[in-house]
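Trainee: I would like to go through the terms used for this protein and see what each one rests on. Please set the values against the cut-offs as we go.

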Amino acid sequence: EIYTLSLHDALPISNIFSVLADPELEQTWEKINMKEASLVVACLVQRDSQRMCAYMKDTTVPVMCVCSSNKEAKTLYEAGCTYALQQEFVAAKELFSVLCAERSSGDNDDFKKRSLDHQDELEEEAHDAVLKTISKFI
């Protein structure tokens, strides 16, 4: 699926929409006018986002693509991707940050605080944590 976000005209209705079409076809990108989007996020797991990045390369639209390896991230960047979201890399950076904070504080308070924050998010079924996080950009 391809999602496009529009950052202008903050309306109470969502301006994130899903398109049911082949996300690897240029005709799909043209159909949704992808070059006019405010942000493109491609979650093409085990599929190639490289052509889409090349298609968007000459625009000012930020393009984020999910990937799973250093090699894939490098290829996406070379094709024009703005940010390759490599899940293991992001998780490792977060873990490093947590461990550094714990080491400097000398106790497990930061772990406990993060755990409570996470548990609060889990309890908010009606307010999805991911949607809540990105809603300020919608």
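Mentor: We take the ground rules, then the layout, the core, the aromatic pair, the cysteines and a few single residues.

Mentor: This is a predicted model, in which local features need pLDDT of at least 70 and side-chain atom pairs count only at pLDDT 80 or more, while totals for chains, interfaces and linings use all residues. Residues are numbered from 1 along each chain as its sequence is written, and side-chain values use heavy atoms, with hydrogens and water left out.

Trainee: How many helices and strands does the protein have, and what makes a run count as one?

Mentor: There are 6 helices and 5 strands. Both are DSSP runs numbered from the N terminus: a helix is H or I over at least four residues, a strand is E over at least two. Read from the N terminus, the order is β-β-α-β-α-β-α-β-α-α-α.

Trainee: Why is glutamine 86 called buried?

Mentor: Its relative accessibility is 10%, and buried means under 20% relative accessible area, with exposed over 50% and partly exposed in between (1.4 Å probe, protein chains only). Glutamine 86 therefore counts as buried. This residue sits in strand β5 (residues 83-86). Contact means heavy atoms within 4.5 Å; leaving aside neighbours within four places in sequence, glutamine 86 is in contact with Cys67, Ser68, Ser69, Asn70 and Ala73. Across the protein, buried residues make up 25% of the 138 residues.

Trainee: What makes a group of residues a nonpolar core?

Mentor: The members must be buried Ala, Val, Leu, Ile, Met, Phe, Trp, Tyr or Cys, joined through side-chain atoms within 4.5 Å. The largest such core has 20 residues, and Val40, Met52 and Cys65 have the most contacts inside it. Two or more residues each come from β3 (39-42), α2 (50-56), β4 (63-67) and α3 (70-79). Helix α2 gives the most, with 4 residues. Beyond four places in sequence, cysteine 65 touches Ala42, Ser49, Met52, Cys53, Leu76, Cys81, Tyr83, Ala84 and Leu85.

Trainee: Why is the pair of tryptophan 29 and tyrosine 55 called tilted, rather than stacked or edge-to-face?

Mentor: Rings of Phe, Tyr and Trp (its six-membered ring) pair if their centres lie within 6.5 Å; planes under 30 degrees apart are stacked, over 60 edge-to-face, and the rest tilted. Here the centres are 4.9 Å apart and the planes are at 45°, so the pair is tilted. A search of the whole structure finds 1 aromatic pair. The two residues are 26 apart in the chain, tryptophan 29 in helix α1 (residues 26-31) and tyrosine 55 in helix α2. Both are buried.

Trainee: How do you know that lysine 35 lies over the face of tyrosine 55?

Mentor: A charge sits over a ring if NZ of Lys or CZ of Arg is within 6 Å of the ring centre and within 35 degrees of the ring normal. Lysine 35 is 4.4 Å from the ring centre of tyrosine 55 and lies over its face.

Trainee: How many disulfides are there, and why does cysteine 43 form no bond?

Mentor: The structure holds 0 disulfides. A disulfide is a pair of cysteine sulfur atoms within 2.5 Å. The closest cysteine sulfur to that of cysteine 43 is in cysteine 65, 8.7 Å away, so the distance is too far for a bond. Cysteine 81 is in no disulfide either, with the sulfur of cysteine 65 the nearest at 3.9 Å.

Trainee: Are these two cysteines, 43 and 81, buried or exposed?

Mentor: Cysteine 43 has a relative accessible area of 39%, so it is partly exposed. Cysteine 81 is at 6%, and therefore buried.

Trainee: What makes valine 45 exposed and asparagine 33 partly exposed?

Mentor: Valine 45 is at 60% relative accessibility, so it counts as exposed; it is found in the loop between β3 and α2. Asparagine 33 has 43%, and is therefore partly exposed. Asparagine 33 is in the loop between α1 and β3, and has a positive phi of about 55° although it is not a glycine.

Trainee: Why is alanine 79 called buried, and what does it touch?

Mentor: Its relative accessible area is 10%, so alanine 79 is buried. It is found in helix α3 and touches Gln50, Cys53, Ala54 and Lys57, not counting residues up to four places away in sequence.
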